[in-house]
Amino acid sequence: MVSMGATVFAREAQMIARRLLPSVLGGLLLAFFCQSATAQGAPPVLRGTVTSDREGAMEGVLVSARRQGSAITVTVVSDAKGEYAFPAGRLEPGAYQLAIRASGYGLDGAGTIEIAAGSPATADLRLKPVPVTSDQLTNSEWLTSAPGPDELKRGLLNCTDCHSAQRIFESKHTRDEFLQVFDRMGGYYSGASDLQPQRLVGDHRRPPVNPAMAQSFADYLAALNLSAKPVHGFDLKTNPRPTGRATPSSSPNTRWRERKSSPTTSSSTPTAACGSRTSASSCCPSSIPTPAG
Ligand code: HEC
């Protein structure tokens with residue numbers, strides 16, 4: 001049984017908030033989140049279990065729901081009994097596509113569900129083993145997987161402010177092209193994304209790479225991405241799934257996070273682990289902790 005309460009604020013919500021904080025809109029957004037976080041008591045709008053032949057009930061699986069044609073993906077995590085629940089008010093009635101994230105597993109079945117007004121829906125999800133693919137990796141998993149010296153690898157931490165490391169590892173840029181990419185990235189406002197590729201004003205620049213490292217970092221990335229080969233030349237290593245305190249069963253919270261993307265993006269696979277969270281009470285002060293990874 002999953003109870004209701006505090007709210008997960010993951011990276012996207014924080015990035016949106018960071019961008020909007022100085023404005024009135026930022027205040028409204030936070031007020032909205034804080035209010036939702038305190039809404040309690042109503043039964044979940046969608047719930048179910050996550051199981052597989054190999055493990056039985058599965059804890060720490062990210063379950064995402066995205067309404068057809070919507071740009072919003074809402075994600076929750078399964079508890080120790082393999083149960084997940086989307087809080088009331090988080091999903092409007094409509095046709096939804098469900099997706100999961102659990103490394104080495106894929107959804108067995110179509111994962112579509114209709115949510116009708118006023119009647120909670122149930123979807124019990126079966127997972128089947130699948131090979132680990134690069135689109136399942138989180139930033140921290142890319143950093144663990146990529147070979148090479150820490151002083152070069154560390155440079156990637158300056159890139160993941162705005163987008164995933166996957167963008168970089170799946171690119172086909174050569175060394176020289178990377179030097180141009182670094183230059184372009186230096187012209188974006190902190191927290192810019194594909195949805196909002198906001199440029200810095202005038203000639204202002206925030207170089208994401210130390211100029212003294214640029215050449216060697218470009219060499220490094222071009223050796224690891226797909227510029228010279230169709231598949232990555234290193235093993236994809238994944239972190240263990242969240243357990244215990246990191247899943248809802250051990251605390252009186254139903255946690256969720258919301259991510260906005262282009263409605264045309266086909267994949268709704270959740271890409272980030274719910275490792276970072278803050279409680280409803282700490283969402284209201286002006287400083288929001290930055291998640292690790
Ligand atoms: C301040 C925000 C920001 C930072 C920091 C940043 N990027 Fe980007 N990046 C963007 C935005 C916005 C886009 C999409 C628009 C575009 O491609 O110009 C993007 C797109 C990309 C792409 C895909 C497009 C392409 O040309 O292949 C790659 C690759 C990339 N970035 C590499 C990097 C690398 C490498 C770093 C770190 C050295 C980095 N980015 C740091 C904002 C950023």
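Guide: Strands are taken to pair if DSSP finds at least two bridges between them, strands themselves being DSSP runs of E with at least two residues and helices runs of H or I with at least four, both numbered from the N terminus. The model in view is predicted, so local features need pLDDT of at least 70 and side-chain atom pairs count only at pLDDT 80 or more, whereas totals for chains, interfaces and linings use all residues. Residue numbers start from 1 along each chain as its sequence is written.

Visitor: How many helices and strands does the secondary structure of the protein chain come to?
Guide: The protein chain has 293 residues, of which 32% are buried, a residue being buried if 20 or more other C-beta atoms, placed from the backbone, lie within 10 Å of its own, exposed if 12 or fewer do, and partly exposed in between. Its secondary structure comes to 7 helices and 11 strands.

Visitor: Which residue stands opposite K128 in β10?
Guide: Strand β10 (residues 125–129) pairs in the parallel sense with β1 (residues 46–52) over 3 bridges, and within that pairing S52 stands opposite L127. Strand β10 is also joined by 3 bridges to β7 (residues 105–107), this time antiparallel. Here the residue opposite K128 is G106.

Visitor: Which element gives the largest share of the largest nonpolar core?
Guide: A nonpolar core is a set of buried Ala, Val, Leu, Ile, Met, Phe, Trp, Tyr and Cys residues joined through C-beta atoms within 7 Å; the largest one has 24 residues, with V61, V63, F86 and I100 touching the most other members. Two or more residues of this core come from each of β1, β3 (62–67), β4 (72–77), β5 (83–86), β6 (94–101) and β10. The largest share, 4 residues, is that of β6.

Visitor: Which elements do the buried residues of α7 pack against?
Guide: A second, separate core of 16 residues includes C159, V209, Y220 and L224. Helix α7 (residues 214–224) has F217, A218, Y220, L221, A222 and L224 as its buried residues. Contact being defined by C-beta atoms, placed from the backbone, within 7 Å, these buried residues pack against α4 (150–153), α5 and α6.

Visitor: Which element supplies the largest share of the shell around the ligand?
Guide: The ligand is surrounded by 20 residues, the closest being C159, C162, M185, Y188 and P197, where nearness requires a C-beta atom, placed from the backbone, within 6 Å. At least two shell residues come from each of α5 (165–169) and α6 (175–185). The largest share, 4 residues, belongs to α6.

Visitor: Is V181 buried or partly exposed?
Guide: V181 is found in helix α6, and its C-alpha atom is separated by 9.5 Å from that of A218, 37 residues apart along the chain. Because 19 other C-beta atoms lie within 10 Å, V181 is partly exposed.

Visitor: Why does R259 count as buried, and how many C-beta neighbours has it inside 10 Å?
Guide: R259 has its place in strand β11 (residues 257–260), and its C-alpha atom is 6.4 Å from that of V74, although the two residues are 185 apart in sequence. R259 counts as buried because its C-beta neighbours inside 10 Å number 20.

Terms used. Two residues are in contact if their C-beta atoms, placed from the backbone, lie within 7 Å.
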